[in-house]
Amino acid sequence: MNIDHQTLTLVLFSSFIAITLGITTWVSRNRHGSAEEFYAGGRLFSPLENGFAIAGDYMSAASFLGISGLIALFGYDGLLYSVGFLVAWLVVLLLVAELVRNCGRFTLADVVASRMSQRPVRIAVGSSSVVVSVLYLVAQMVGAGSLVALLLGTTSEAAQSWTVIGVGALMVVYVSFGGMRATTWIQIVKAVLLMGGAIALTALVLVRFHGDFNGLLHSAAERSGHGEKFLSPGLKYGGNWTARFDFISLGLALVLGTAGLPHILSRFYTVPTARAARRSVVWSIALIGGFYLMTIVLGFGAAAVVGPETVRASNTAGNTAVPLLALELGGGAGTNGGTVLFAFTGAIAFATILAVVAGITLASSASVAHDLYASLKRRHAKQRSEVTVARTAAVGIGAVAIGLGLLARDLNVAFLVGLAFAVAASANLPVLLYSLFWRGFTTRGAIWSVYGGLVPAVLLVVFSPVVSGSPEALFPGVDFHLFPLQNPGLVSIPAGFLAGWIGTITSAEPPDEAKHAETEVRALTGAGAV
């Protein structure tokens with residue numbers, strides 16, 4: 001690939017980084033160091049702004065690069081991710097958005113602990129939030145590594161490693177200096193860029209096939225080498241019963257996981273009221289729905305125009321399908337049109353990664369400071385010192401994510417996000433739903449629910465084919481896998497709900513009816529909400 005393409009890519013990358021650092025500097029000048037300002041941006045965002053920011057937070061590298069890559073490689077079976085990620089928002093809208101905004105202040109633990117014994121519940125929920133966030137961060141890091149390696153025309157491990165380290169350093173800067181306000185504006189800018197890029201590429205794909213979507217699908221099926229099977233279920237998940245159960249497990253994790261993601265729940269605290277939280281979810285569903293429809297066109301477009309073999313040769317997990325599609329749509333390698341579109345697409349994907357990692361890092365550092373630090377410290381932690389701890393935690397979380405990102409660089413990013421969703425659905429969702437809707441729920445039930453979902457989910461991932469026992473595993477040379485499924489959701493999500501129920505019915509502590517009544521009134525009406 002010629003040097004012009006690399007230069008243009010670097011200029012676009014640098015421009016986005018300069019703009020986002022400018023936003024961060026501008027915000028950090030105008031801030032006052034209160035916890036509300038750092039965690040929730042002063043609760044000053046409108047539903048439209050927050051809707052764009054939620055969409056920016058949610059449409060991650062997994063969506064833009066991973067899903068399109070999976071559709072390009074596996075056809076119909078890759079669609080599950082598009083459908084699952086979108087349907088999940090209905091769970092958020094119907095069950096949690098308004099209630100979480102009314103019951104909490106900054107984190108998921110605020111909602112659960114409002115009617116429980118504060119300390120043990122905060123430690124449990126804070127710990128699970130950090131685990132989910134780190135898993136999700138690793139996916140973004142892997143996406144950044146494979147993307148930049150492709151854009152700079154190198155497949156060297158050193159280039160991928162330095163990219164992962166660079167993204168980690170940038171996210172720490174955004175969060176430490178800008179807090180929620182800078183992170184939100186970065187996500188809004190990124191959402192506009194991503195939607196613009198996706199619309200342009202989708203239009204170009206449809207123009208190439210003269211608006212004939214049927215023709216696009218048949219062309220993709222022919223190019224794939226699988227024929228009509230490419231457009232039917234079963235290419236990735238239909239070989240045997242294990243693969244079918246994996247399919248169900250993944251579907252459960254995607255649909256139920258969103259409502260337990262800490263960085264999505266924390267976005268509801270940035271608007272002034274519960275009504276604004278609900279309206280911002282409606283805005284985000286419109287944006288996200290449109291975007292996921294476009295990933296389907298881009299995925300089949302990559303299969304038809306680029307071909308699965310070329311995609312696989314560039315990146316075995318399919319993470320580079322969209323940039324390669326952009327290169328072909330612009331006129332191919334060596335042409336000015338191809339170079340510009342390729343660099344533009346790559347820069348948008350990079351912007352996507354930076355914005356998402358900033359949001360996740362902020363949510364996990366808030367969990368460390370507001371839940372873990374404030375609970376473990378004997379006297380009540382002052383708000384200003386809590387914010388200082390959050391900034392320090394961002395550095396630690398960044399370091400852990402960089403280390404794991406270097407380890408997992410050969411896995412598909414959408415698949416890694418599927419694991420994060422499974423842990424969120426197993427550990428965070430049961431305790432959240434029980435706290436909001438079950439009058440008899442107790443402290444013991446809450447703690448059992450979190451650990452009863454978190455521990456099985458993490459252990460099942462460790463002993464699954466993802467980590468060992470298969471050529472694509474993290475450690476392909478060894479085999480200690482005991483669990484046949486790649487995604488633990490099918491077992492660990494029911495385990496979380498069951499553990500919460502058993503913990504509650506065996507608890508000697510009577511449920512606090514008065515506190516539940518108070519929480520219920522606040523959740524439904526907003527009376528007394530912060």
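## A ring pair within helix α10

Let's start with phenylalanine 245: this residue is partly exposed, at a relative accessible area of 37%. Keep in mind that the model is predicted. Its partner, tryptophan 241, is exposed, and here the relative accessible area comes to 58%.

How do these two rings meet? The ring centres of tryptophan 241 and phenylalanine 245 are 6.0 Å apart and the planes make an angle of 40°, so this pair counts as tilted. Both residues belong to helix α10 (residues 241-257), and because they are four residues apart there, about one helical turn separates them.

## A charge over the tryptophan

Tryptophan 241 has another neighbour to look at. Arginine 244 places its charged end over the tryptophan 241 ring, 4.9 Å from the ring centre.

## The wider aromatic picture

Searching the whole structure turns up 18 aromatic pairs. Take phenylalanine 85 and phenylalanine 421: with ring centres 5.1 Å apart and planes at 55°, the pair is tilted. Phenylalanine 85 sits in helix α5 (residues 79-103), while phenylalanine 421 sits in helix α17 (residues 413-427), so their pairing ties together parts 336 residues apart in sequence.

Are phenylalanine 85 and phenylalanine 421 buried or exposed? Both of them are buried.

## One cluster

Phe85 and Phe421 also turn up in a bigger grouping: one aromatic cluster is formed by Tyr58, Phe64, Tyr81, Phe85, Trp89, Tyr136, Phe291, Tyr292 and Phe421.

Technical notes. Residues are numbered from 1 along each chain as its sequence is written. This is a predicted model: local features need pLDDT of at least 70, side-chain atom pairs count only at pLDDT 80 or more; totals for chains, interfaces and linings use all residues. Side-chain values use heavy atoms; hydrogens and water are left out. Rings of Phe, Tyr and Trp (its six-membered ring) pair if their centres lie within 6.5 Å; planes under 30 degrees apart count as stacked, over 60 as edge-to-face and the rest as tilted. Helices (H or I, at least four residues) and strands (E, at least two) are DSSP runs, numbered from the N terminus. Buried means under 20% relative accessible area, exposed over 50%, partly exposed in between (1.4 Å probe, protein chains only). A charge sits over a ring if NZ of Lys or CZ of Arg is within 6 Å of the ring centre and within 35 degrees of the ring normal.
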